[in-house]
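Visitor: I would like to be walked through this chain, from its overall outline down to its strands and helices. Could you show it to me before we begin?

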Amino acid sequence: MTYPVYGETVEEIKRSIADNAPSRNGNSYYAGLTKWNLAATYDLIPTHQGCLLDNAEVYLTLRIHLPVLAQKPRSAALEREWRRFFNSLNAHEALHGQNAHRAATTLLAKISGKRTDVPCSRAKLIAEQATQTLIERISAYDKDLDARTHHGATQGAILNPSVQ
Ligand SMILES: [Zn+2]
């Protein structure tokens, strides 16, 4: 998903991103945003030994928000700078996306065809807890990635104010 930003200079473009960014935390804003949601369904089949988790399916919804410059910048240098910024931001958001994909794959592997020696009511609770724990762990990865990279700034997702 994209949102339009406008401006002929770095300063104007930055202001437009600040006004339109989908992600805000107090006074700070982030030009890109990746949102994901993970859910799982499976059948609980009672067995002699306990419970079998069968027909597992994992659903991942991934939404990446990125800015699109809807106006021609005033110089070729600024056009290049925008492209560089956009590609870096896109790469940073893709890392969040990879985290989410990894979570989905891990979850599917964990619950697919899983045989337990506890009753299905208990197995259901265990599977739900495992899902929740995984979601929390991936959220922590996302937070850590943003802390380490200053929301992608150290990966180049920041507009150079000296470009004219
Ligand atoms: Zn980020």
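Guide: What follows is a set of questions and answers about this predicted model.

Visitor: In what order do the helices and strands follow one another along the sequence?

Guide: The chain has 3 helices and 6 strands. Read from its beginning to its end, these elements follow the pattern β-α-β-β-β-β-α-β-α.

Visitor: Is the chain a compact globule or more spread out, and what is its radius of gyration?

Guide: For 164 residues the globule rule gives 15 Å, and the chain lies well over that value, so it is more spread out than a compact globule. Its C-alpha trace spans about 75 × 25 × 20 Å along the principal axes, and buried residues make up 21% of the 164 residues. The radius of gyration is 21 Å.

Visitor: Which residue of β5 is the bridge partner of P46?

Guide: Strand β4, residues 33-46, pairs with β5 in the antiparallel sense over 13 bridges, and a hairpin of 4 residues joins the two strands. P46 belongs to β4 by its number, and its bridge partner in β5 is C51.

Visitor: Which residue in β6 stands opposite C51?

Guide: Strand β6, made of residues 115-116, pairs with β5 in the antiparallel sense over 2 bridges. In that pairing, the residue of β6 that stands opposite C51 is T116.

Visitor: Which residue of β5 is the bridge partner of P4?

Guide: Strand β1, residues 2-5, runs parallel to β5, residues 51-69, and 4 bridges join them. P4 lies within β1 by its number, and its bridge partner in β5 is V68.

Visitor: How far does helix α2 reach from its first C-alpha to its last?

Guide: Helix α2 covers residues 76-111, which is 36 residues, and at 1.5 Å a residue a span of 52 Å is expected. The helix is followed by G113, whose phi is positive, near 60 degrees. The reach from the first C-alpha of α2 to its last is close to that expectation, at 52 Å.

Visitor: How far apart are the end C-alpha atoms of helix α3?

Guide: The 30 residues of α3, numbered 120-149, should span 44 Å at 1.5 Å a residue. Just after this helix, H150 takes a positive phi of about 50 degrees. The separation of the end C-alpha atoms of α3 agrees with the expected span, at 43 Å.

Visitor: Which elements do the buried residues of α3 pack against?

Guide: The buried residues of this helix are A123, A127 and I138. The elements that the buried residues of α3 pack against are β4, β5, α2 and β6.

Terms used: Residues are numbered from 1 along each chain as its sequence is written. This is a predicted model: local features need pLDDT of at least 70, side-chain atom pairs count only at pLDDT 80 or more; totals for chains, interfaces and linings use all residues. The expected span of a helix is 1.5 Å times one less than its number of residues. Two strands pair if DSSP finds at least two bridges between them. The radius of gyration is taken over C-alpha atoms; the globule rule is 2.2 Å times the number of residues to the power 0.38. A residue is buried if 20 or more other C-beta atoms lie within 10 Å of its own, exposed if 12 or fewer, and partly exposed in between; C-beta atoms are placed from the backbone. Two residues are in contact if their C-beta atoms, placed from the backbone, lie within 7 Å.
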